Structure formats: C-alpha cells, structure tokens
Amino acid sequence: MNAAPVNAATRARILVAEDSPLNLQVALKQLERLGFAADGATDGAQALAALQRVPYDIILMDCQMPELNGYEATWQIRERERAQAAEPSAKRTYIIAMTANTQTDSSQKCLEAGMDDYISKPVELPQLEAALYRGLAERASTKGREAVVDPVVIAGLRQLRMPGKPGPLNELIDLYLQEAPRQLEQIASAASRNDESSLAQIFRASAALKGSSSNLGARNVAALCDEMEQTVRNWSLADLPPLIDRTREELNRVRSVLEQIKTEEKD
Amino acid sequence: MNEVPNFDHGAIARLQRLGGDAFTLKMIQLFLDYTRTKIEEARQAQADGNLLAVEHAVHPIKSSAGNVGASRLRDLATEIEALAQAKNNDRLPDLIQDLAKSFAAVSAELEKVRGSLSSVAMPPDSK
C-alpha cells in the first residue's frame, strides 16, 4: 500500500478511508470495477499519514471512524492545505464523504467540515461513479483555472488579510478588472493611431498592465504584454493587432476566474 | 428463511456481480469476524457503562450488515446506536442481546451461502 496506483485514463490518485474492513474491501473492488486503483486506510489518522506520503486527488472518507473521525480528518487536511497554500506544491484534495445517514451524519455537517460531496452507505456503484466524475470534473476545471491565474499569487494576497477585517483581495480584483481593459484599449488605440506619441503610450500602458497582471497572478496576460513590448521595440507595429486580440481573449478568461475567486473570498 | 426475516439475498448477489464468488466468500468471512468482534466490544462497553464506546462499536455494523444483506441486524444496530447516543441505557442490554441473536441467525444463513459458493468456486486464498 505504499505506491499509489494511478489510473491510466484519469491519472487520479484515490484513497479510501473506512474502518470496517468489509466496507473497505467492497469500496476498493467497486473502484476497481470503475477502472480506478486506490489505496485504503482504516481510520482518519492513517488517512492523514497516507496523504502526507502521496498527494491523493480524491479521498473517499467514512464519517465515523475510530481514532480520528472523517470530519476531524477533513478539518485537519483543510488546515494543512491552508498553511501550505503559498507553496508551489499547494493542492486541494477532493473529499467525498461516505455517510451512514444518522442524526450524527448529515450532508450539512460534511460540507461544514470542508468535504466536497457525499454519498450514502452502503455505497452503490452508480452513486460512487457519479461522485467520482463530479470530483474529476472539478479537478480538471481547477487545473484550467490555475493556468489562467496563478493560485500561489492569490494565496499570498489572501494572507494579507488582517483578522476581523475584509481582505484586500476583492478590492484588488475590482480595481484590476476596471483598469486592465482600459489599459489594453489604450494600447489598441495608440497602435491604430500610429503617430509619434504611439510608442511611448504603448510602453506606458503595457508596463502598467504587465505590473498589475503579475501582481494578481494573471501570468499569460503579463507574458503577452512582454510580447507586445518586444514587438514595438522591433518597430513592427503591424504585428501588434493579433497580440492585442489574444490579450483581450485572455483578459476575458482572467475576468471569469477572478470573479469566481471573489465569490469564494466572500464565504 | 423464517429463521432470518429481513435477510436480503440480493446483497449477496450484488457482491457476486461486483467481485465474483471468491471475493464474496472473502467478504462473508470478513463480515463474520468483524461483526463478532464489534458485538463483543458493544457488550463489554455496555457492561462498563461506556455508552460512547457502545455507539462506536455498533456504528460500523450498520453499513457492513447492509453490504451482506443482514437487514434486521442493521436495524438493530441503528437502534442501539441512537439509544447509546441519547445516553439511554435502559433497553441496551436487551437490544445487544437481540443483536447477538440476530448475528447468530445471519451467520447460519451466511454459512449456507458459503457452502453453496464454495462448492462452485474454491478461492485460492481462502483460509
């Protein structure tokens, strides 16, 4: 159980934390049938230890376990993720609760503990499959999102928050979303005017856009600004419009990711 | 069948479909060993007056029982868990007794299933 088997199709690493050996074996067999290989842990403490060795993408977590129950284990995993958010290796494990649906286990409690989804026990194959694919879809969209806005930069900005006060992140995002399109349009209008003041204006607007984009982790926008500056430096203003279009498209992607980040910051 | 009301043979069929006969035999063995231990733990905990430990002992019986189709056992475990959680000790000794009886009945039923499966397929790793 040391090496994490990796599913060839999805490359998802899965851990099942479940104290009943019967349920654990059934869950592992169900995952096998669905085409996923997985590891097992028999309580929350073991799950935490396993997660430290292998960066699992998905954990199927029983809520009631000896030593450390599923809620506490999830809480600790989320705490650890928060503490490591600024590191390059930062990641978030998708946690699916397996609940027995009693007064002690409720979907509400699962979500409050930081779990992402829940299925009831005994676990049925179609429900398990659906939950896994929801998790994988989320993972894919997170990866796409991270290519647009660097999560490490965002995590760093989140840490600027003072206790009891609203953090600066949302304000920075609003300011950026207001200024960035304006700066890009300045570049566009200067390029189309193509007069003696054009170059200076393009450099100025591009430097501003590059700076604010880097500050918010919008790395592709910053790279495009570099390209635009280089193009202008080579006196090839004619090559600028396609770059401006690409920057506009990238800014739209950045906008939707930043809007998403803003709503997350509110809760 | 009268002996074991609420025994759902469909659950065994599901295990067979999921992993075949050898897997099913292994699961039955795991269930028997594990549940026996947990019922003993519940009995001991109740005798010690430790209702939290009773709750923890019977909790995993619920879903394990569901996996092999022992519906009555699952219902009893659910009831005991709720009472233990409510710190209501009055009926626990009787109910844990019932749990043990129900387990004995389920064991007999599972032995029969095991017999019919073993004759078809002997798992190489069965102990």
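**A walk from the interface inwards**

Between them, chain B and chain A bury about 1,800 Å², and 63% of that area sits on carbon and sulfur atoms. Keep in mind as you look around that this is a predicted model. In terms of residues, the interface brings 22 from chain B into contact with 19 from chain A. On the chain B side, Leu18(B), His59(B) and Asn67(B) supply 30% of the area buried against chain A, more than any other three residues there.

What about charge and polarity across this interface? The rule finds zero salt bridges between chain B and chain A, but it does find five residue pairs in polar contact, with both residues at pLDDT 80 or more. If you want to know which parts of chain B do the touching, look at α1 (9-47), α2 and α3 (71-85): these are the elements that give two or more residues to the side facing chain A. Of these, α1(B) gives the most, with ten residues.

Now stay with chain B for a moment. Its secondary structure comes to four helices and zero strands, and reading from the N terminus the order is simply α-α-α-α. The chain has 127 residues, of which 49% are buried. Take the contacts in chain B between residues at least 6 apart in sequence: 68% of them join residues at least 24 apart.

Two residues give a feel for how these helices sit. Arg114(B) is found in helix α4 (residues 92-120) of chain B. Is Arg114(B) buried or exposed? Its relative accessible area is 17%, so Arg114(B) counts as buried, the limit being under 20%. Leaving aside residues up to four places away in sequence, Arg114(B) touches Leu25(B), Ile28(B), Gln29(B) and Leu32(B). Ala53(B), on the other hand, has its place in helix α2 (residues 51-68) of chain B and is partly exposed, with a relative accessible area of 27%. Ala53(B) and Gln85(B) are 32 residues apart along the chain, and 9.8 Å separates their C-alpha atoms.

Over to chain A, which is divided into domain 1 (14-146) and domain 2 (169-266). Taken over C-alpha atoms, the centres of these two domains are 40 Å apart.

A good place to start in chain A is the pair of strands β4 (residues 94-99) and β5, which run in the parallel sense and share four bridges. One of the residues involved is Thr99(A), whose bridge partner in β5(A) is Ser120(A). Strand β5 (residues 117-120) also shows an alternating pattern of side chains: Asp117(A) and Ile119(A) point to one face and are buried, whereas Tyr118(A) and Ser120(A) point to the other face and are not.

Next, the salt bridges. The structure holds 30 of them over all chains, and Asp57(A) is worth a stop. Asp57(A) forms a salt bridge with Arg13(A), the closest N and O atoms being 3.5 Å apart. Asp57(A) lies in the loop between α2 (44-53) and β3 (58-62) of chain A, while Arg13(A) is in the segment before β1 (14-17), so this pair ties together parts that are 44 residues apart in sequence. The two partners differ in how much of them is accessible: Asp57(A) is buried, with a relative accessible area of 5%, and Arg13(A), at 24%, counts as partly exposed.

Asp57(A) has another partner as well. Its side chain meets that of Arg139(A) in a salt bridge at 3.4 Å, N to O. Because Arg139(A) lies in helix α5 (residues 125-148) and Asp57(A) in the loop between α2 and β3 of chain A, this pair ties together parts 82 residues apart in sequence. Put these together with Lys91(A) and you have a network: Arg13(A), Asp57(A), Lys91(A) and Arg139(A) are linked by salt bridges.

For a more local case, turn to helix α7 (residues 169-193) of chain A, where Arg182(A) and Glu179(A) both lie, three residues apart, or about one turn of the helix. Their side chains meet in a salt bridge (3.5 Å, N to O). Where do these two stand on accessibility? Arg182(A) is partly exposed, with a relative accessible area of 43%, and Glu179(A) also counts as partly exposed, at 28%.

Notes:
Residues numbered from 1 in each chain as written. Chains lettered and ligands numbered in written order. Predicted model: local features only at pLDDT ≥ 70, side-chain atom pairs only at ≥ 80, totals over all residues. Heavy atoms only, no water. Domains from an automatic or database assignment. Buried < 20%, exposed > 50% of the residue type's maximum accessible area, 1.4 Å probe, protein only. Pairing = 2+ DSSP bridges. Contact = heavy atoms within 4.5 Å. Buried area = accessible area lost by both parts, 1.4 Å probe. Salt bridge = Lys/Arg side-chain N within 4 Å of Asp/Glu carboxyl O. Polar contact = N/O pair within 3.5 Å; in protein donor to acceptor, adjacent residues only side chain to side chain.
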